[in-house]
Each structure stands twice: as C-alpha cells, then as structure tokens.
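Work through these short exercises with the model in view. Try each task before you read its solution.

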Amino acid sequence: VELLEPTRGRVFDPCCGSGGMFVQSEKFLMAHGGKSRDISVFGQESNATTWRLARLNLAIRHIEAQLEWGDSFRKDAFKSLLADFILANPPFNVSDWGGEHLRDDPRWTYGVPPVGNANFAWLQHIAHHLAPARGLAGVVLANGSMSSQQSGEGAIRKAMVEADLVDCMVALPGQLFYATQIPVCLWILAKNKAAKPFRDRRKEVLFIDARKLGKLVDRVHRELTDEDIARIAGTYHAWRGQKVPSGPYADVAGFCKSATLEEIAAHDFVLTPGRYVGAEEVEDDGEPFDAKMKRLVSQLESQLAEGARLDAQIRQNLRRLGYGG
C-alpha cells in the first residue's frame with residue numbers, strides 16, 4: 001500500500017482473504033487527507049468462510065466494497081474491470097488451481113502458466129485487470145517466482161519483462177508471516193511506465209534487496225518497522241521521480257539498483273534483486289593493510305593459545321572425574 005499509494009480510483013484484490021489490503025488502503029487514504037469515496041473497492045475470495053469475514057471486516061469499518069465469492073480463475077467475477085490499483089497476496093505455489101481447464105484462456109498474454117503452479121497465472125490475471133492508462137499492481141509471491149525456469153515459467157517472466165510490465169522487484173526477509181517461514185518478494189507491475197505524474201521509466205526496472213531489514217519480535221516472527229517500510233517505499237518513489245525526504249534516487253550498493261532491460265537479459269531474465277544490487281559497501285577504517293594483518297594474526301595466535309589452554313583444562317577436569325585417560 002505504501003509503495004502504490006492508492007489515493008484515487010478503483011482498488012482491486014482478486015484473492016482478498018479477509019480484506020486486509022482494503023483496510024490498509026483505507027488507513028493510508030485517511031492518513032493522507034483523502035476520503036473513502038475517493039476509491040472504489042472490488043474484491044473476490046474463493047473460500048466462503050473467509051469471504052464472509054471480509055464482508056464483516058469491511059462493514060465494521062464502514063468501507064463500502066463490492067466483494068464476490070468464487071474462484072478468480074474459473075469464475076472471474078469482474079471480467080470487465082480495469083483497476084487503477086491491484087494489491088494482492090495470493091496463496092504461494094498453488095498446484096490445484098484448475099489450470100488444466102484453462103489452457104486457452106485469453107488472460108495468458110505472456111504464456112500459458114503451468115498446471116502445477118499458479119504463480120504466473122496470478123500475475124497474468126492481475127495484469128489482465130490493470131487499467132491501460134496508469135494501472136499499478138503490487139503482488140506478494142514466493143521467491144521462486146523471480147528465478148524459476150520450470151514448466152515455461154522462465155519464458156513467461158521473460159515475456160513480461162520484454163513487454164515492460166515489471167516496474168520494481170523487492171526481496172523481503174523471511175519470517176514475515178505466521179503461516180510460513182519462507183522469504184517472499186514483491187512484484188510491482190506498471191501497465192504504462194510513461195504515465196504521468198511520474199517520470200518515464202520505460203526499459204528500466206528497480207531492484208530493492210530488503211532481506212536485511214526488519215526486526216525479530218519473537219523467536220520465529222519478524223516485522224518490518226515503519227522506518228523500514230518508509231525506506232523501501234521512499235526508494236521506489238524517488239526512482240519514479242517523486243520528491244521524497246531522502247532526496248533524488250541513487251543506486252546504493254547492497255540495497256537498490258536501477259537496471260536496464262539489457263542488463264536483465266544478461267542475467268537470463270532472473271529478477272532476484274541480489275543479482276543486481278551487488279555487495280554492500282564497507283567503510284574503510286584507514287588502517288594500513290600490513291599493520292591490520294599483523295594485528296589480526298597476533299589476535300589469532302592469542303586466541304589459539306587460549307583455546308589450547310582451555311582444552312588442557314577440560315582434559316584435566318575430566319581425568320579428575322575419572323573419565324580421562
């Protein structure tokens with residue numbers, strides 16, 4: 001939501017769950033002085049119980065929405081909808097999505113997705129519903145979607161890049177979800193990269209490696225702080241030409257890189273940010289190399305000697321207890 005800034009127009013989620021994306025969009029809108037009538041909300045959910053929860057969730061917050069129940073692939077409830085913003089967190093790597101019945105579907109503009117994995121079916125379903133003038137989408141997917149070459153997925157990803165649909169890729173840390181520990185990524189899609197009010201970004205893709213961000217709130221769960229989210233969103237906004245507190249966009253080694261389609265082609269259209277952002281720069285402490293090596297070798301010798309002393313002490317204690325030779 002912070003990346004896309006849905007302040008006006010049609011907001012759509014084809015796998016809306018309990019409506020969390022809509023609630024966050026409404027909060028963002030209110031925080032930026034907007035009004036609920038500035039956006040129109042559309043959602044679809046295949047699980048009947050979750051669909052009822054979504055209706056309840058939005059009703060108690062007085063968010064008006066058109067929510068439909070049914071499978072987005074086999075029963076697209078919004079066939080004619082062209083949304084200004086699509087925000088979606090589809091189920092990862094779904095194998096039983098009914099793809100065997102949809103081989104000739106007109107939504108597969110960039111290639112027929114494999115029957116055994118719905119990731120690229122979701123991406124193309126979402127791209128199909130984007131408004132051609134200025135449609136933007138943010139999709140949460142498993143990391144494998146950035147690099148998989150199985151069952152034609154690499155060819156679909158290549159076609160999407162060559163069509164200049166991919167605007168930004170963000171690699172996120174693991175442990176962000178309660179239901180799964182796997183790390184995820186964000187696909188930011190733009191139907192028209194030359195659309196105002198942003199700069200012309202055609203034939204460019206921004207890569208952000210945010211895997212080191214966030215903090216552990218318990219042993220198995222990590223959260224992105226407000227500062228982390230602001231850094232990610234601010235980087236994307238600066239790159240597309242907006243004025244942000246951090247100033248104009250610049251590549252940052254280890255964190256972000258603006259790459260051309262030619263550079264992406266050289267990486268065989270793999271979209272993993274780590275391939276592009278490089279290694280984080282380490283500050284030089286100014287100590288001469290020879291002096292640093294002598295100091296480090298001296299520390300190592302001291303530590304090895306201390307290790308040998310402790311080993312001898314352990315053996316002596318074991319002998320006293322009758323366990324040593």
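**Exercise 1. Place Leu 296 and decide whether Leu 296 is buried or exposed.**

Step 1: Leu 296 sits in helix α8, residues 289-320. Helices here are DSSP runs of H or I with at least four residues, numbered from the N terminus.

Step 2: The model is predicted, so local features need pLDDT of at least 70, side-chain atom pairs count only at pLDDT 80 or more, and totals for chains, interfaces and linings use all residues. Residues are numbered from 1 along each chain as its sequence is written, and side-chain values use heavy atoms, without hydrogens and water.

Step 3: Leu 296 has 39% relative accessibility, so Leu 296 is partly exposed. Buried means under 20% relative accessible area, exposed over 50%, and partly exposed in between (1.4 Å probe, protein chains only).

**Exercise 2. Find what lines the largest cavity.**

Step 1: On a 1 Å grid over the protein atoms alone, a cavity is a set of points where a 1.4 Å probe fits but cannot get out; lining residues have an atom within 4 Å of a point.

Step 2: There is one cavity of 30 Å³ or more. The largest cavity holds about 70 Å³ of space.

Step 3: Its lining includes Arg 134, Gly 135, Lys 191 and Phe 198.

Step 4: Sort the lining of the largest cavity by class: four nonpolar, two polar and four charged residues. Nonpolar covers Ala, Val, Leu, Ile, Met, Phe, Trp, Tyr, Cys and Pro; charged covers Asp, Glu, Lys and Arg; the others, Gly among them, are polar.

Methods. Helices (H or I, at least four residues) and strands (E, at least two) are DSSP runs, numbered from the N terminus. On a 1 Å grid over the protein atoms alone, a cavity is a set of points where a 1.4 Å probe fits but cannot get out, and a pocket is an open set with protein on both sides within 12 Å along at least five of seven lines; lining residues have an atom within 4 Å of a point. Grid points are joined across faces, edges and corners, and a volume is the space filled by probe spheres set on the points.
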